[in-house]
Amino acid sequence: MPATPLPATPPVAPSPTLASAASGRTAGRPRAEVREVGLRDGLQSIAATVPTHRKMAWIAAAHAAGQREIEVGSFVPARLLPQLADTAEVLAFARTLPGLVASVLVPNLKGAERALECGAHLMVVPLSASHAHSLANLRKTPDEVVAEVARIRAARDAAGSRTLIEGGVGTAFGCTLQGDVAESEVLRLMQALLDAGADRVSLADTVGYADPQSVLRLFGKARALVGDRLACAHFHDTRGMGLANAYAAWQTGVARFDASLAGIGGCPHAPGASGNVATEDLAFMLERMGVDTGLDLPGLLALRERVRDWLGGETLHGTLWRAGLPKGGLVARPAALAETAPA
């Protein structure tokens, strides 16, 4: 496939807001946003390096299928993650697409400075509630990461940038290195990130330890503490409970979710942390429930086929691609849903 060239000075689409609606939304239905993280969380766990032009083609096709939030890469040293060495170029392309929120992961101030220079709409700063995983992944304690967020906030404000800062609290339900992580510690660190200057926070089940009851409990406590500043849920399907956990988070009022096309992904420093929730499966579940994601399921499934070819022999996940879409319409019993919809 020929490379997709970037113009010398790419036209930049107006900076979207995180509340901007995807095209094709249906009035009157509850809404959810699905942020695609396969280009970062997925590709960082795969040995092969996907060429830049194919990453651009992935983003363009996802955008055409209604995706309006995409994590396009990570500003980390290329020697550590050569798969993501082209993040600046990929981000420049993503910024040309109208209405697309292009986010990146930044592990420290240096990465954040690159994200600010390149005009990322949002930067996610990962923090592990597990002290053991934090040291293995970032070589910092959780509280040292909080201090780094304060420096990132100062740099963002000094630059006059409107880039949002999201503190992503990982291993929120436990860790394969440490074991249990106390809910009180997760909540403390979440509040500390906001106090340090993060605009919003998210909770992640990095190793697939969560279950629906623990999700209801922790997300319920988190939302009681910080309200809508808990803005995203990130689940891995390592033990087959990813969709159930996403539904439990939805029940607490969370309406933004991370997911990865074909369920690829994991964490290099968390043994056994395989498999994100598959974007197409999550979108299907939400749409089947009557929740408007703005996503075109046939378009996502077609993109999955292209990505499968690009990834060669890599193991992919998910079930919708095998079973297909149901006959009679995507939403189950729309008339019954209308009867139970709030006035």
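## Helix H5

In this predicted model, helix H5 covers residues 131–138, and His133, Ser134 and Leu138 are its buried residues. Viewed down the axis of H5, these buried residues fall within an arc of 165° or less, namely 105°, so they line one face of the helix.

The buried residues of H5 pack against two elements, strand S4 (122–128) and helix H6 (142–158). Just after H5, Arg139 has a positive phi of about 60°.

## Helix H11

Helix H11 runs over residues 297–310 and has 14 residues. From its first C-alpha to its last, H11 reaches 20 Å, close to the 20 Å expected at 1.5 Å a residue. Buried in H11 are Leu297, Leu300, Leu301, Leu303, Arg304, Val307 and Trp310. Seen down the helix axis, the buried residues of H11 fall within an arc of 165°, so they line one face of the helix. The cover over these residues includes helix H2 (52–64), helix H10 (279–288) and helix H12 (320–323).

Both ends of H11 have a local feature to note. At the start of H11, a side-chain oxygen of Asp296 comes to within 3.0 Å of the backbone nitrogen of Gly299. Just after H11, Gly312 takes a positive phi of about 60°.

## The aromatic cluster

A search of the whole structure finds two aromatic pairs. One of them joins Phe173 and Phe219 and is stacked, with 6.4 Å from centre to centre and 15° between the planes. Phe173 lies in the loop between strand S5 (164–170) and helix H7 (183–196), whereas Phe219 lies in helix H8 (residues 212–226), so this pair ties together parts that are 46 residues apart in sequence. Phe173 is buried, at a relative accessible area of 13%, and Phe219 is buried as well, at 0%.

Phe219 also pairs with Phe235: the ring centres are 5.9 Å apart and the planes stand at 40°, so the pair is tilted. With Phe219 in helix H8 and Phe235 in strand S7, the pair ties together parts that are 16 residues apart in sequence. Phe235 is buried, with a relative accessible area of 2%. Ring pairs thus link Phe173, Phe219 and Phe235 into a cluster.

## His234 in strand S7

Strand S7 (residues 230–235) also holds His234. At 8% relative accessibility, His234 counts as buried, because the cut-off for buried is under 20%. The side chain of His234 is joined to that of Asn276 by a polar contact of 3.0 Å.

Leaving out residues up to four places away in sequence, His234 touches Val37, Asp41, Leu203, Ala204, Asp205, Asp258 and Asn276. Asn276, the partner in the polar contact, is therefore also found in this list of contacts.

## Salt bridges

Side chains of opposite charge can pair when their charged atoms come close. The count for this structure comes to 21 salt bridges. In one of them, the side chains of Lys221 and Glu183 meet at 2.7 Å, N to O. Lys221 lies in helix H8 and Glu183 in helix H7, so the pair ties together parts that are 38 residues apart in sequence. Lys221 counts as partly exposed, at 39% relative accessibility.

Another salt bridge joins Arg188 and Glu185, with the closest N and O atoms 2.9 Å apart. Arg188 and Glu185 are three residues apart in helix H7, which means that about one helical turn separates them. Arg188 is partly exposed, with a relative accessible area of 37%, while Glu185 counts as buried at 17%. Asp228 forms a salt bridge with Arg223, the closest N and O atoms being 3.3 Å apart. Asp228 is exposed, with a relative accessible area of 65%. Salt bridges also link Arg35, Glu166, Arg200 and Asp258 in a network; Asp258 is one of the residues that His234 touches.

Definitions and conventions: Residues numbered from 1 in each chain as written. Predicted model: local features only at pLDDT ≥ 70, side-chain atom pairs only at ≥ 80, totals over all residues. Heavy atoms only, no water. Helix = DSSP H or I, 4+ residues; strand = E, 2+ residues; numbered from the N terminus. Expected span 1.5 Å × (residues − 1). Buried < 20%, exposed > 50% of the residue type's maximum accessible area, 1.4 Å probe, protein only. Arc of directions from axis to C-beta. Contact = heavy atoms within 4.5 Å. Polar contact = N/O pair within 3.5 Å; in protein donor to acceptor, adjacent residues only side chain to side chain. Phe/Tyr/Trp six-rings, centres within 6.5 Å; stacked < 30°, edge-to-face > 60°. Salt bridge = Lys/Arg side-chain N within 4 Å of Asp/Glu carboxyl O.
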